[in-house]
Amino acid sequence: MEDESFTDISGKPVSLDCRNHSNFCREFTVSSAKISIGKVLAYTCCVWLLAYAVFWVTENTAVLSSAILITLVGMTLHIHFVKVDHESLLVIGSLGIQVSSSYASGRETTTFIEMNKIKDIVINEAIYMQQIIYYLCVLLKDPSDPEGASSVVPLFQSSKPRLDCLVKVYKSCQEILSKC
Amino acid sequence: MVLRIFFPQCCNQADSGLLVGHWMPGHDSAVVLAVIHYPFIPGQVKQYLQQMRSQSGVELSVLGSWSIPKEGQEHMESFLRDLSTIFPQDCWLQLSRTIGKMGFNCHVIYQDLNGSTTSCKAAKKNGKIKGCDRESGEDNEEELGDEEKMILIHYEQRKVMQSQLHPIEVPDTDPPSELREVFQTVARSRPLFFLDRYDDGPLKSTHWQSQGREASIIVELLKQASVPLCLLISWLLSKWTRICNFSLFNLYPLRFLSSKLSTCDQWSYRTEHMRTLSSVKPAAGHTPFMRKANILVSLLVDVALGVLLMSWLYRDNRISIIANALLPAADHVAKELEELLQWLMGAPAGLKMNRALDQVLGRFFLYHIHLWISYIHLMSPFIETILWYGGLSACLGITFALSLLSDMVALLTFHIYCFYVYGARLYCLKIYGLSSLWRLFRGKKWNVLRQRVDSCSYDLDQLFIGTLLFTILLFLLPTTALYYLVFTLLRLVVVMFQGVLHLSVDIINSFPLFAVGLRVCQPYQLAEGVKFRVLCEEPGTALHLLMEINPLKCSAVVQRYRVPTYSCYPKDSWAALVKKLFVGELIYPWRHKTTKSD
Amino acid sequence: MHQRQRAGALKKSSSQKCPEAPADNFRGSTKKHSICMVSDFFYPNMGGVESHIYQLSQCLIEKGHKVVVVTHAYGRRKGVRYLTNGLKVYYLPLQVMYNQSTATTCFHSLPLMRCVFVRERITVVHAHSSFSAMAHDSLFHAKTMGLNTVFTDHSLFGFADVSSVLTNKLLTVSLCDTNHIICVSYTSKENTVLRAALNPEIVSVIPNAVDPTDFTPDPSFRRDDRITIVVISRLVYRKGIDLLGGIIPELCLKYPDLHFLIGGEGPKRIVLEEVREKYQLHDRVRLLGALEHKDVRGVLVQGHIFLNTSLTEAFCMAIVEGASCGLQVVSTRVGGIPEVLPEELITLCEPTVRSLCAGLETVIARQRVGSLPPPESIHSRVRTLYTWRNVAERTEKVYDRVSTEEVLPLDRRLLRLRSHCGPVAGSVFAFMAVLDFLFLLLLQWLVPDRVMDVAVDATGPRSMWGQGSSIKLNATKGAANPDLFGE
């Protein structure tokens with residue numbers, strides 16, 4: 001079990017945790033930075049100041065209560081649906097690959113891809129927003145075309161680590177995939 | 001080559017005995033279904049397995065032995081190992097567990113064609129695989145080095161048996177999926193799970209139902225009662241269909257009317273549903289069962305809401321209040337329309353209209369409104385009765401009430417529809433004329449054969465007449481366009497309202513409440529896939545994983561199990577709709593899909 | 001980082017094989033550049049500029065340089081793709097406005113282009129075609145970032161009408177501080193120098209080339225009972241399709257055994273169709289529609305005469321292709337066409353219907369008599385005239401020269417813009433250069449250079465292309481490969 005720190009494509013720190021459960025079963029967890037208190041405070045202050053300004057103009061107390069409600073609901077939705085705490089990749093040789101992301105509120109979404117559907121794991125380049133980044137992805141087999149890939153499943157989409165982290169995960173995965 | 005064994009969680013604490021299950025062909029894996037305990041007679045075990053094979057259709061066999069060493073059972077290990085000679089297998093598993101340790105010890109004995117045996121211990125020490133030791137002296141071509149690996153996957157048998165893996169139908173070109181086969185094997189082995197511990201038979205086994213079979217009295221009673229009920233309903237339905245097919249009703253006007261009214265659509269739709277529900281044969285397969293269940297639940301909810309609506313409507317004399325409010329409302333609408341027309345006949349918004357055309361069109365439409373108002377006044381004494389009887393239809397379901405409301409709105413606003421059609425036709429003619437004459441202006445014409453615009457030389461008199469007509473049409477355009485615009489807007493308002501009603505009817509009809517309820521209460525029944533968790537392992541044992549069922553997302557459930565309806569959805573995209581409006585084509589934005597039998 | 005190669009993808013371009021010793025690659029300079037070709041026009045669009053960029057890049061890769069192509073996204077083709085021999089193409093998702101040319105606001109392409117230049121460690125930016133807004137944008141940004149720039153012009157332009165005046169002004173601004181300019185013919189050089197008020201010392205002439213193995217003659221495809229005239233061009237006004245519409249009826253009336261074979265697509269197709277219908281020439285005039293590049297040769301060998309009616313042309317590759325297939329060429333005398341082929345191989349006429357008809361009649365008469373040279377001899381003459389390796393060698397010299405020159409820093413650049421481009425345009429663009437610089441500073445603060453991963457080279461001296469299996473083997477054995485990602 002090793003825990004190393006890398007950076008993501010915006011320069012923020014992420015950490016990679018590799019666990020070797022067995023010779024052919026490994027788990028990689030990439031954890032993003034936690035929610036910063038500063039950002040939360042800034043956001044809350046902005047919303048409330050704005051609400052107070054509106055209240056000062058309109059003299060309607062419903063504005064203030066709605067501002068509080070909006071802040072609470074917004075933060076709940078953010079930590080439940082948007083903020084990803086860590087993403088993990090579990091590679092079980094000859095069985096398949098499991099990709100899961102867990103959000104800040106504890107919710108987890110998991111997908112399992114069977115080994116007979118997987119063509120390969122590769123590092124690919126893509127244009128993302130106004131940058132060009134490297135990302136790790138799983139290529140799925142196309143039943144009608146033995147040489148082609150029917151679709152691409154990108155991994156670590158929320159944490160987006162940089163190339164050095166991806167290479168480490170890639171080499172490890174290839175060791176297992178080539179054995180089975 | 002990694003060996004994968006699917007082991008049921010209920011057998012974790014079972015007494016020592018034989019492992020019964022199924023080797024999956026071509027996958028290097030096996031599913032353990034039950035454990036048959038010691039003492040047993042091998043002949044009876046073989047007979048029992050033969051019987052189970054024919055009943056379930058699954059290739060059952062003895063996979064190996066299972067032992068939890070207890071007090072006074074020291075010779076069990078060697079006894080179980082010798083059993084491998086009685087039940088000849090290519091591969092004999094020996095799983096054992098010591099109380100206090102979490103991991104299992106796994107031992108695999110391979111029997112090749114030569115009859116010699118080689119055993120490999122899948123033990124791990126410090127991450128390295130121990131080498132195999134050969135028991136027989138014969139040379140074997142295969143090199144079984146340190147590559148022998150095993151994964152033990154624990155699964156919860158009851159949930160896997162009841163679960164349905166989605167997508168349900170897989171195209172044949174896809175490679176065979178191991179997990180799908182595991183699920184299917186467990187589901188088909190139901191006959192195996194009837195033998196429990198408390199039977200008097202010679203064999204005792206452990207599986208998820210070994211504590212006794214579960215059943216429910218209410219379910220049994222309902223099952224008994226449903227058959228005569230279904231027969232009754234299907235008899236009633238056949239009578240009704242016979243009446244409907246009466247030749248009198250096949251006359252053209254009635255048929256045309258009934259195809260336009262949404263109430264008739266809804267009625268035929270519900271009849272179809274009742275026919276599905278009332279068939280005596282039980283549903284074969286998962287999809288027909290879910291369809292039936294969804295239909296039943298939606299029908300019940302529909303009727304419940306309808307009865308609720310009725311109880312609200314018939315209280316406090318509400319019907320007469322509504323009836324009394326309806327006539328003044330219709331009058332008010334007519335008066336507003338008249339005022340609108342008067343305004344258009346004057347100088348609307350400061351625009352100057354062509355006086356003659358204006359007067360003609362305005363008077364034409366005013367006459368229509370006058371006719372309509374007289375008609376409404378004629379009907380006024382009957383409105384309350386109509387409403388009263390119409391409200392009764394809500395007992396059939398709220399969807400009927402809503403369809404009836406939509407039809408009544410359509411009937412009451414029939415004049416707006418007529419105005420729209422007149423205005424649109426006039427405008428459309430004008431636009432086509434203008435575009436054709438515009439081409440003439442530029443010396444081109446439309447080539448119908450080649451579907452393109454060609455150049456063409458016209459005679460002088462053709463050009464002269466064409467230009468004259470063009471000017472006339474152009475200057476009359478604002479008047480027509482204004483009338484068209486006004487009536488199109490009115491028609492769109494009515495269409496929107498009807499659309500809302502139809503959409504809500506559609507939602508009530510097609511929403512799969514049963515499936516959503518199943519997803520909420522028993523999520524393992526609708527499975528999208530599986531997820532694995534590594535159980536904490538101890539050094540010296542194989543890899544242990546826990547397989548849990550990953551349920552389908554709610555949105556996927558709704559999409560998958562939607563009852564197909566004559567769904568009302570917009571026929572054209574926004575761009576096409578705007579283009580049609582601009583050119584003056586008649587728009588029927590909500591399309592009714594004809595009920596297809598699926 | 002290596003990309004997984006599909007079987008068969010690593011095909012060496014067979015057309016580039018030549019019986020020369022590999023030592024040729026090391027003749028000349030040993031300094032290897034990282035070149036970025038930028039244009040709006042590239043594969044999957046097919047045309048003169050596109051094939052020029054492609055062939056030039058392949059030859060440069062053969063010489064050991066690192067080449068990367070940047071263009072805009074075509075339909076769903078977005079992102080990073082690899083062509084033969086590791087040529088990396090970036091299809092950037094920038095909005096396409098008209099005729100495959102992107103919209104330009106001077107700034108919106110800076111973030112992505114900066115990303116490409118930084119991660120590929122580009123040293124020279126080579127832009128193509130003055131019709132391409134992306135090319136001008138890239139020159140602008142490259143100068144702000146301090147990279148050397150080269151521009152290749154492929155077309156001729158007028159001077160008189162309003163659109164030409166504006167375009168010429170833009171060209172002046174764009175080229176006033178570019179390090180070097182390349183034109184495809186001497187006529188084109190004169191035209192560009194005059195339009196953009198350039199110093200002729202920094203303009204070189206490097207003509208286009210044609211791949212002679214793609215266009216070989218095959219007289220067996222010709223039908224000897226008739227004379228076939230082949231026209232392959234885009235059917236637009238610039239290519240003189242109206243002239244063609246006038247030639248066809250005249251000549252077809254005079255010569256009953258004359259046939260026309262017209263390939264290509266465009267808005268003027270309707271003129272030809274109307275002519276055909278009016279004179280009932282359906283069996284003698286065939287309109288083939290848009291042709292794939294690989295089908296062009298098959299069409300060319302069916303003809304005896306190649307006709308080109310362009311009204312303006314800097315360097316016409318089509319006539320070289322036609323001559324390479326052994327056809328006799330008849331063309332209008334415009335632009336750079338007189339420089340292309342020697343006199344024996346081409347008949348030049350004025351761009352009028354009468355003159356073209358006269359020229360065609362002389363060639364038809366010679367064809368009937370049989371006094372035209374045989375196709376093989378024409379092909380063997382043309383083969384040695386223009387080759388891509390030659391073009392690449394000369395371009396390499398341009399890069400060597402450019403890499404020693406300095407890029408103007410901001411203050412000198414502003415001075416130059418204001419002094420060279422006139423008071424109005426100069427000040428406006430000087431202001432935009434300042435804004436560009438500030439935008440660049442902002443981007444460098446938001447996404448600093450060190451945050452961007454350096455790309456793994458597929459071409460050039462540090463290329464990883466073709467080492468796939470060895471790397472995988474290393475990975476399996478667990479050996480680390482630190483050189484892979486060293487700086």
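This report covers the domains of chain B, an annotated span of chain C, and the contact between the two chains. The model is predicted.

**Chain B domains**

The domain assignment splits chain B into two domains, each built from separate stretches of sequence. Domain 1 takes in 1-123, 149-209 and 523-553. Domain 2 consists of 316-510 and 568-583. The C-alpha centres of these two domains of chain B are 71 Å apart.

**Annotated span of chain C**

An unreviewed UniProt entry lists residues 220-345 of chain C as "domain: Glycosyl transferase family". Helix makes up 32% of that span and strand 21%. Its end C-alpha atoms are separated by 21 Å.

**The contact between chains B and C**

Chain B brings 5 residues to the contact and chain C brings 4 residues. Together the two chains bury about 370 Å², with 22% of that area on carbon and sulfur atoms. On the chain B side, the largest losses of area to chain C fall on B:Arg450, B:Arg452 and B:Ser455, which together account for 81% of what that side buries.

| Feature of the B–C interface | Value |
|---|---|
| Buried area | about 370 Å² |
| Salt bridges | 2 salt bridges |
| Polar contacts (both residues at pLDDT 80 or more) | 2 residue pairs |

By class, the side of chain B that touches chain C holds 3 charged residues, 1 polar and 1 nonpolar.

Which residue of chain B forms a salt bridge with C:Glu273? The partner is B:Arg452, with the closest N and O atoms 2.7 Å apart. B:Arg452 is also among the residues of chain B that lose the most area to chain C.

Conventions: Residues numbered from 1 in each chain as written. Chains lettered and ligands numbered in written order. Predicted model: local features only at pLDDT ≥ 70, side-chain atom pairs only at ≥ 80, totals over all residues. Heavy atoms only, no water. Domains from an automatic or database assignment. UniProt positions renumbered as here; feature names shortened; annotations may be inferred. Helix = DSSP H or I, 4+ residues; strand = E, 2+ residues; numbered from the N terminus. Contact = heavy atoms within 4.5 Å. Buried area = accessible area lost by both parts, 1.4 Å probe. Salt bridge = Lys/Arg side-chain N within 4 Å of Asp/Glu carboxyl O. Polar contact = N/O pair within 3.5 Å; in protein donor to acceptor, adjacent residues only side chain to side chain. Nonpolar A, V, L, I, M, F, W, Y, C, P; charged D, E, K, R; others polar.
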